[in-house]
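Subject: Handover of a protein structure

Dear colleague,

Please find below the structure that I am handing over to you. My findings follow it, arranged by topic.

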Amino acid sequence: MRVLLVEDDPLLGEGIGHALSREGMSSEWLRVGGDVVATLKHSSFDVLVLDLGLPDMDGLEVLTALRRRGHTLPVLILTARDDISDRVRGLDNGADDYLVKPFDIAELVARLRALVRRHAGQANGCLQLGALSIDQAGRSVTLAGAEVTLGRREFDLLEFLLLHPSRVFSRDQLVEQLYGWDGDVESNVIEVHVHHLRRKFGAGVVKTVRGVGYRLGESV
């Protein structure tokens, strides 16, 4: 799961980024609202965490601009504004969820997973493909009831494909999703992860679309 975080408080922004990383999520952190639209033009995310009290513009202005441009990205407002009227205004302007500061990081992570699941049409925290099942919260995988051990990036790749079962992704899109802007990675890193997943679950788990990239397979 890839998160776009918009938060101007340096301590809070850094803390949330580290916490998301520990939960297996990658993130990009912006300090101002004016960078959001431009960032979404060249990068894809699964969910947006949006502060309202930004230094350059109100977060609701950012949200309104995104929805007017047709962005359907799930948005969780994270703010100190706790009046009912503020919550109603945020939800009415296109937010999908609203969490008031101070907050527990475990609740934030759970809410983000729920938003992404709902956006993908999933009813609960268990993603499935045939006999393969992923527990998102526990970051565990089973095949026909038997647990299968995956590396962090293998899990992230499998989870991402299961959340987007009908889409084809290029190698560069998958690298960005798994690694963000963490620096250089080996040129064949996605091929290696796909090879490992196929070895553990069978060749049908990930389908190669020649000349384009990869998508979730149709069976396991």
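Two strands are said to pair if DSSP finds at least two bridges between them. On that basis, an open sheet of 5 strands can be described, with the order β2-β1-β3-β4-β5 and parallel pairing. Please note that the model is predicted.

Confidence

The protein has an average pLDDT of 90, and 97% of the residues score at least 70. Strand β3 (residues 47-50) has the highest confidence, at 96, whereas strand β6 (residues 126-129) has the lowest, at a mean of 86. Where pLDDT is low, predicted coordinates should not be read in detail.

The parallel sheet

In the sheet ordered β2-β1-β3-β4-β5, the edge strands are β2 (26-30) and β5 (97-100), each of which pairs on one side only. From one strand to the next, the twist averages 20°.

At one edge, strand β1 (residues 2-6) runs parallel to β2, and 5 bridges join the two. The bridge partner of V6 in β2 is L30. L30 also belongs to the covered face of β2, together with S26 and E28, while S27 and W29 make up the uncovered face. This follows a general pattern: in a regular strand the side chains alternate between the two faces of the sheet.

At the other edge, strand β4 (residues 75-79) and β5 run parallel and are joined by 4 bridges. Here L78 stands opposite L99 in β5.

The antiparallel sheet

A further open sheet has 4 strands, in the order β6-β7-β8-β9, and its pairing is antiparallel. Why do β6 and β9 each have one side without a neighbour in the sheet? β6 and β9 (146-148) stand at the edges, each with a single partner strand, so one side of each remains without a neighbour there. The twist in this sheet averages 30° from one strand to the next.

Strand β8 (residues 140-143) pairs with β9 in the antiparallel sense over 3 bridges, and T142 stands opposite E147 in β9. Two helices are found against this sheet. Helix α8 (residues 189-201) packs on the sheet and touches β7, β8 and β9; the direction of α8 makes about 45° with that of β8. Helix α6 lies across β6, β7 (132-135) and β8, running at about 105° to β7.

The hairpin

Strand β10 (residues 206-209) and strand β11 (residues 213-216) pair in the antiparallel sense, over 4 bridges. The two strands form a hairpin with 3 residues between them. In the turn, G211 has a positive phi of about 80°. Within the pairing, V209 stands opposite G213 in β11.

The nonpolar cores

Which residues of the largest nonpolar core touch the most other members? They are L112, L158 and F201, in a core of 44 residues. Helix α6 (residues 152-163) gives the most to this core, with 7 residues. A second, separate core has 21 residues, among them L4, L63, L73 and A95.

The contacts of L112 are listed here without its neighbours within four places in sequence: M1, V3, L20, M25, V47, V49 and L76.

L161 and the aromatic pair

L161 lies in helix α6. Is L161 buried or exposed? Its relative accessibility is 0%, and buried means under 20%, so L161 counts as buried. Leaving out residues up to four places away in sequence, L161 touches F169, V206, R215 and L216. L161 and G217 are 56 residues apart in sequence, and their C-alpha atoms are 8.9 Å apart in space.

F169 is also a member of an aromatic pair, and the count of such pairs comes to 1. Its partner is F160. A pair of aromatic rings is described by the distance of the centres and the angle of the planes. For F160 and F169 the centres are 4.6 Å apart and the planes are at 50°, and the pair is tilted. With relative accessible areas under the 20% limit, F160 counts as buried at 5%, and F169 likewise counts as buried at 3%.

Yours sincerely

Terms used. Residues are numbered from 1 along each chain as its sequence is written. Side-chain values use heavy atoms; hydrogens and water are left out. pLDDT is the predictor's confidence in each residue, from 0 to 100. A nonpolar core is a set of buried Ala, Val, Leu, Ile, Met, Phe, Trp, Tyr and Cys residues joined through side-chain atoms within 4.5 Å. Buried means under 20% relative accessible area, exposed over 50%, partly exposed in between (1.4 Å probe, protein chains only). Contact means heavy atoms within 4.5 Å. Axes are lines fitted to C-alpha atoms, for helices over the stretch in contact, and angles run from 0 to 180 degrees between N-to-C directions. Rings of Phe, Tyr and Trp (its six-membered ring) pair if their centres lie within 6.5 Å; planes under 30 degrees apart count as stacked, over 60 as edge-to-face and the rest as tilted.
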